[in-house]
Amino acid sequence: MQRSMTDMETGVLTAFTPWASLGGGVLLGLSTVMLMALLGRIAGISGITAGAFALVPDGKGFLAEGGWRVAFVAGLVAAPMVMGVFGAGEIAQTVPDNLPLMAVAGVLVGLGAGLGSGCTSGHGVCGLARLSPRSLASVLTFMASGAVMVAVLRHGLGG
């Protein structure tokens, strides 16, 4: 059963989907463990994406290591389409339509991932599971920054 809650201040509709969320979490955990067990790699999306088209030295020249990385990113992009085929219905996007603002936000997220030596998936999913102090500090920074931004945008700027 899917229930919806509406935020009285903003009118934003939020779907409550515990079984779908649980299933997604299990699949995310399984894929993270498989990537580590099979390839010895951490499932950090920013690092995977950054290295998708990188060339790495192999002693004789340079070797493209992008095959599995491109497949991983393609799976992220294809997942909503696959869900649509299997009857999940239309997947609504709730991002602003202000393209300049979204471009600035994207650049800031990219800079933050670079400065933090990884993104929320690498630090939050993989780093915390490995009990990494650096990942704990990163996740606390991500979460605090997110909370501040929500407070500013919803309550400070009336958004």
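**Histidine 123 and its surroundings**

Biologist: Is histidine 123 buried or exposed in this one?
Modeller: Histidine 123 is buried, with a relative accessible area of 4%, and I should say at once that the model is predicted. The residue is found in helix α5.

Biologist: What does the side chain of histidine 123 make a polar contact with?
Modeller: There is a polar contact at 2.8 Å between the side chain of histidine 123 and the side chain of serine 135. In addition, a polar atom of the histidine 123 side chain lies 3.4 Å from the backbone oxygen of serine 117.

Biologist: And which residues does histidine 123 touch, not counting those up to four places away in sequence?
Modeller: Histidine 123 touches Gly116, Ser117 and Gly118, together with Leu128, Arg134, Ser135, Ser138, Val139 and Phe142, once residues up to four places away in sequence are left out. Of these names, Ser135, Ser138 and Val139 come up again as buried residues of α6.

Biologist: What do the buried residues of α6 pack against?
Modeller: They pack against α5, which covers residues 120-129. Ser135 and Ser138 are three places apart, and Ser135 and Val139 are four places apart. An α-helix has 3.6 residues a turn, so residues three or four places apart point the same way.

Biologist: How far does α6 reach from its first C-alpha to its last?
Modeller: Helix α6 runs over residues 133-156, 24 residues in total, and reaches 33 Å, which is close to the 34 Å expected at 1.5 Å a residue.

Biologist: What about α1, how far apart are its end C-alpha atoms?
Modeller: The end C-alpha atoms of helix α1 (residues 18-39) are 31 Å apart, and this agrees with the 32 Å that its 22 residues should span at 1.5 Å a residue. Just after α1 comes glycine 40, whose phi is positive at about 70°.

Biologist: Which residue has a positive phi although it is not a glycine?
Modeller: Leucine 131 does, with a phi of about 60°. Leucine 131 sits in the loop between α5 and α6, and the residue is exposed, with a relative accessible area of 73%.

Biologist: Back to α1. What is threonine 32 in contact with, leaving aside neighbours within four places in sequence?
Modeller: Threonine 32, which is found in helix α1, is in contact with Ala43, Val125 and Cys126 on that basis. Threonine 32 is buried, with a relative accessible area of 12%.

Biologist: Cys126 is a cysteine, so how many disulfides does the count come to?
Modeller: The count comes to 0 disulfides. Cysteine 119 is in none, and the nearest cysteine sulfur, which belongs to cysteine 126, is 8.8 Å away.

Biologist: Why is there no bond from cysteine 126 to cysteine 119?
Modeller: Because the sulfur of cysteine 126 is 8.8 Å from the sulfur of cysteine 119, its closest cysteine sulfur, and that is too far for a bond; the cut-off for a disulfide is 2.5 Å between the sulfur atoms. Both cysteines are nevertheless buried: cysteine 119 has a relative accessible area of 13%, and cysteine 126 has one of 6%.

Biologist: Changing topic, what is the mean pLDDT of the chain?
Modeller: The mean is 78, and 79% of the residues reach 70 or more. Confidence is highest in α1, at 87, and lowest in strand β1 (residues 3-6), at a mean of 47. Over residues 1-7 the pLDDT is below 50, although in the model this stretch has 18 contacts beyond near neighbours in sequence.

Biologist: What pattern does the chain follow along the sequence?
Modeller: Read along the sequence, the pattern is β-β-α-α-β-β-α-α-α-α, which comes to 6 helices and 4 strands.

Biologist: And how much of the chain do buried residues make up?
Modeller: Buried residues make up 14% of the 159 residues. The chain exposes about 11,700 Å², with 72% of that supplied by carbon and sulfur atoms. Among contacts with a separation of 6 or more, 34% are between residues 24 or more positions apart.

Note on methods:
Residues numbered from 1 in each chain as written. Predicted model: local features only at pLDDT ≥ 70, side-chain atom pairs only at ≥ 80, totals over all residues. Heavy atoms only, no water. Helix = DSSP H or I, 4+ residues; strand = E, 2+ residues; numbered from the N terminus. Buried < 20%, exposed > 50% of the residue type's maximum accessible area, 1.4 Å probe, protein only. Contact = heavy atoms within 4.5 Å. Areas by Shrake-Rupley, 256 points an atom, 1.4 Å probe, with all protein chains shown as cover. Expected span 1.5 Å × (residues − 1). Polar contact = N/O pair within 3.5 Å; in protein donor to acceptor, adjacent residues only side chain to side chain. pLDDT = per-residue confidence, 0-100.
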